[in-house]
Structures are given as C-alpha cells and as structure tokens.
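Let's take a walk through this structure together. Keep the sequence and the 3D view side by side as we go.

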Amino acid sequence: MKTASPCYYHLDVEVSPERVGQVSRILAAHLRYWDLENLVEPVCHGAELLLKAIDEHATDKNTSIEMWWNGQHLITAIGENDCDLRPDQELRGCLEHIAAMSDGWGCCATDTGSKVIWFSQRARAGERVPLVPVAPAPSLREGLQVPREVPVAALAGPVSTPDGVLEDAR
C-alpha cells in the first residue's frame, strides 16, 4: 500500500475533439497510479466538460491541465489562453455541472489575461491511508535478558584490589 504523499501532474495539450478522450484516459491513469480510483470518474468527467467547452468556444485551443493531491484533496485546474473566452457566458452550463459535482471550484485570471478554472474533490474517510505514518507495533513476543556485564579493561583510573586498596591503573 502506498503512503499518502503529495503528488503533482502537469499536461500541456492542444484541445481537439479526439484529444478530449485521450486526456481523460491520461488523467485516469495518473489517478489510479496515485491510488485514487474513486476519484477517476468525477475528475475525468469535469475535465471532459471543460475541455469540450474550450474546444467549442475558444479560439486559442492550447490548455494546461494540472492535478495536485495533498493527501486529502485533489485539485484539478485547467488553464486556457483565450483572453476573449468569458466563463460567465460561454462556460456557464459547464461550470454549473462542475459546481454540482465537486467539493469546491473557482475561476481566476492570470497576469497574461488567460483564465484558470479549478475544482476539487475530497477523498472520503477510510479511502486513503493517513498522512501521518503510524508507529509500528512491537513484534517481539518474549522478553530478552540483559546481557551479563563483561569486564572491561582498566580505564585510566584507580582500580580497587580484592583487599579494598586502590591502585593507580596506568
């Protein structure tokens, strides 16, 4: 079983109708690799909706897709480079579907005027291993005796003799 460690994936793609299915399969493969099988369907469906809307409405078809897994949430972000594409008009229906099926979503502008649309999915309790590793339980069933003291050679200090007189050990 894998430990829950943060994961990141980035994909640049030029959107076309045949690429939408390919991208969906690529994202699904990464989610399965990260042991997030239960998130494959909602994440791929949301990504397909956004990619199809970008293919239909955008003039610049170059997009970037990123996925971040932090151990509890998976955030999927799709950035498009079309400054004229307006999420409140062309992508309204798509965003309504994404809002209904995700735990959180949003849209933000970049410095270049392009937009990033993101949505998050939370892994339900018990579906992932905890982020904090559990200390291993002791597997030793029987107690061991402490080893007997082994006489050590004289250490540059006084040594007592059997009659109780101290000697200088040099």
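## A walk from the loops into the helices

Start at Asp35, which counts as partly exposed because its relative accessibility is 35%, a value that falls between the 20% limit for buried and the 50% limit for exposed. You'll find Asp35 in the loop between α1 and α2. Have a look at its backbone too: phi of Asp35 is near 60°, a positive value in a residue that isn't glycine. One thing to bear in mind throughout is that this is a predicted model.

Now zoom out for the overall layout. The protein has three helices and seven strands, and reading from the N terminus the elements go β-α-α-β-β-α-β-β-β-β. Of the 170 residues in the protein, 35% are buried. And if you take the contacts with a separation of 6 or more, 61% of them are between residues 24 or more positions apart.

For an example of chain segments meeting across the sequence, go to the segment before β1, where Ser5 is found. Ser5 is partly exposed, with a relative accessible area of 34%. Along the sequence, Ser5 and Gly71 are 66 residues apart, yet in space their C-alpha atoms are 6.2 Å apart.

A little further on comes strand β1 (residues 7–14), and Tyr9 lies in it. Is Tyr9 buried or exposed? Tyr9 counts as buried, because its relative accessibility is 15% and the limit for buried is under 20%. Leaving out residues up to four places away in sequence, Tyr9 touches Ile26, Leu27, His30 and Trp34, and also Ile65, Glu66 and Met67. Take Leu27 from that list: it sits 18 residues from Tyr9 in sequence, and the two C-alpha atoms are 8.8 Å apart.

That brings us to helix α1 (residues 17–33), where Ser24 is found. With a relative accessible area of 10%, Ser24 is buried. What does Ser24 touch, not counting residues up to four places away in sequence? The partners are Cys44 and Glu48. Both residues also appear on the α2 side of the contact between α1 and α2, so let's turn to that helix pair, since two packed helices are described by the angle between their axes and the distance between the axes.

α1 and α2 pack at an angle of about 155°, and their axes are 9 Å apart. The two helices are therefore roughly antiparallel to each other, since angles over 145 degrees count that way. The crossing of α1 past α2 is right-handed. On the α1 side, the contact is made by Pro17, Val20, Val23, Ser24, Leu27, Ala28, Leu31 and Arg32, and on the α2 side by Val40, Val43, Cys44, Ala47, Glu48, Leu51, Lys52 and Asp55. Sorted by class, this contact has 11 nonpolar, one polar and four charged residues. If you're wondering about the spacing in such lists, an α-helix has 3.6 residues a turn, so residues three or four places apart point the same way.

Stay with α2 (residues 40–57) for a moment and check its length. At 1.5 Å a residue, its 18 residues should span 26 Å, and the end C-alpha atoms are 26 Å apart, so the two agree. Which residues of α2 are buried? They are Val40, Pro42, Val43, Cys44, Gly46, Ala47, Leu50, Leu51, Ala53 and Ile54. These buried residues pack against α1, β2 (62–69), β3 (73–80), α3 (92–101) and β5 (115–122).

Follow α2 over to α3 next. Their axes come within 10 Å and cross at roughly 170°, which means α2 is roughly antiparallel to α3. Here Pro42, His45, Gly46, Leu49, Leu50 and Ala53 in α2 meet Cys94, Leu95, His97, Ile98 and Met101 in α3. The residues of this contact divide into eight nonpolar, three polar and no charged, whereas the contact of α1 with α2 has four charged residues.

Our last stop is Asp82, in the loop between β3 and α3. Asp82 counts as buried, because its relative accessibility is 4%. Setting aside neighbours within four places in sequence, Asp82 is in contact with His57, Ala58, Thr59, Asp60 and Lys115. Lys61 is 21 residues from Asp82 along the chain, and their C-alpha atoms are separated by 7.7 Å.

Definitions and conventions:
Residues numbered from 1 in each chain as written. Predicted model: local features only at pLDDT ≥ 70, side-chain atom pairs only at ≥ 80, totals over all residues. Heavy atoms only, no water. Helix = DSSP H or I, 4+ residues; strand = E, 2+ residues; numbered from the N terminus. Buried < 20%, exposed > 50% of the residue type's maximum accessible area, 1.4 Å probe, protein only. Contact = heavy atoms within 4.5 Å. Expected span 1.5 Å × (residues − 1). Axes fitted to C-alpha atoms, helices over the stretch in contact; angles between N-to-C directions. Parallel < 35°, antiparallel > 145°, perpendicular 65-115°, else oblique. Left-handed = near helix turned anticlockwise from the far one by under 90°. Nonpolar A, V, L, I, M, F, W, Y, C, P; charged D, E, K, R; others polar.
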